[in-house]
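Here are my notes after going through the model, in the order I'd talk them over with you. Have the viewer open while you read.

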Amino acid sequence: MSVTHTDTVSWNNKAFDEIVSNDAGRPVLFTNARVLTMDPLIGTMHGADVLLLVGALIVGVGPGIVTAAQDDNAIVVDCTGMTVVPAVVDAVALVGGRGHRSEYVATLTPGNAGDLLVVPDELAPDVASAQATLLTRPEQVRALVAAGRPVLWAGTDAPGRPTAPEAGIPAAQDMTGSPRVGVWIDKNDFLHQELTADGRYDETRGGRPHAYQGRYWIDGDRIDYLDDLGFWAFGEFQGEDLHHAGYTMRLG
């Protein structure tokens, strides 16, 4: 059967409304789908296979989970005729390049983030085809879910979805009064990184002044750097420490 945009408009409307207004933390169950987990141990599952999400995490994959849907007050999304794939594929895990399953990312493995794509079977003979549908025919996508929250649903943008930042380098931040302005010094006294209130940084390395200079932006506990040489880098504030490029610094 051919798939049209008209067909997708009403896809699981009730379940979608429940997911969007899900303030009680109810689990979300995608049921009766063909599931391409990209996990070498689990593989591909057919027929009554299901994917259960709670919050942002996958907690179960396989047949029969739907039997507990009523007990768990789950929101049920009927995926009959649909294929569920990871929104992003862990190519390293796929070829056996990770030693432990706990290290797998971007696979539909229990414990991983709930990032998944739901596409009609005929458009998803494999994961590559499903992802190509997302990129070239997004109106045919039944659901794109990131960390358990809809991004696309029935071929259209989900309300409340995050807005991508505008392209281009942002304006410098005014950091006047910020407690993070000052000179950060690593424990070996090799790296001195000065963050100034005008959104600039200036590094001294091993006594060599102005080794690197550029702009910085702070978003929560993350700091992004754009060096005057043109490269980007980042760091993370953890308590009183600033971690950057293998260095642990404190405000000196």
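1. Start with the barrel: 8 strands close up in the order β12-β13-β14-β15-β16-β17-β18-β19, and the pairing is antiparallel. From one strand to the next, the twist averages 30°. Keep in mind that this is a predicted model.

2. For one pair inside that barrel, look at β15 (residues 208-219) and β16 (residues 222-227). These two are antiparallel and share 6 bridges. If you want a spot to check by eye, take Gly214, whose bridge partner in β16 is Asp227.

3. Next, the stretch around β10 (residues 149-153). How many of its residues are buried? The count is 4 of 5, so to speak a mostly covered strand. On one side β10 pairs with β9 (residues 143-146), antiparallel, through 4 bridges. Ala146 has Arg149 of β10 as its bridge partner.

4. The β9 and β10 connection is a hairpin with 2 residues between the strands, and Ala147 in that turn has a positive phi of about 50°. β10 then makes another hairpin, with β11, again with 2 residues between them. Here the turn residue to look at is Ala154, with a positive phi of about 55°.

5. The pairing of β10 with β11 (residues 156-157) is antiparallel too and covers 2 bridges. Leu152 is matched with Asp157 of β11 as its bridge partner.

6. On to packing. The largest nonpolar core holds 26 residues, and the ones with the most contacts inside it are Trp11, Phe30, Leu51, Val77, Leu116, Val118 and Trp153. Elements giving two or more residues to this core include α2 (13-20), β1 (28-31), β4 (49-54), β8 (116-120) and β9. The top contributor is α2, with 3 residues.

7. A separate core of 15 residues lies apart from that one; Met38, Ala87, Leu134 and Val141 are among its members.

8. Last, the surface. Which residues form a nonpolar patch there? They are Val54, Leu57 and Val59, with about 230 Å² of accessible area together. Val59 sits in β5 (residues 57-63), an element that also gives two or more residues to the largest core. Is Val59 itself buried or exposed? Neither: its relative accessible area is 45%, so it counts as partly exposed, given that buried means under 20% and exposed over 50%.

Definitions and conventions. Residues are numbered from 1 along each chain as its sequence is written. This is a predicted model: local features need pLDDT of at least 70, side-chain atom pairs count only at pLDDT 80 or more; totals for chains, interfaces and linings use all residues. Side-chain values use heavy atoms; hydrogens and water are left out. Buried means under 20% relative accessible area, exposed over 50%, partly exposed in between (1.4 Å probe, protein chains only). Two strands pair if DSSP finds at least two bridges between them. Patches are made of residues with over 30% relative accessible area and no salt bridge: like charges are joined within 9 Å, nonpolar side chains (Val, Leu, Ile, Met, Phe, Trp, Tyr) within 5 Å. Accessible areas come from the Shrake-Rupley method with a 1.4 Å probe; for residues, only the protein chains shown count as cover. A salt bridge is a side-chain nitrogen of Lys or Arg within 4 Å of a carboxyl oxygen of Asp or Glu. A nonpolar core is a set of buried Ala, Val, Leu, Ile, Met, Phe, Trp, Tyr and Cys residues joined through side-chain atoms within 4.5 Å. Axes are lines fitted to C-alpha atoms, for helices over the stretch in contact, and angles run from 0 to 180 degrees between N-to-C directions.
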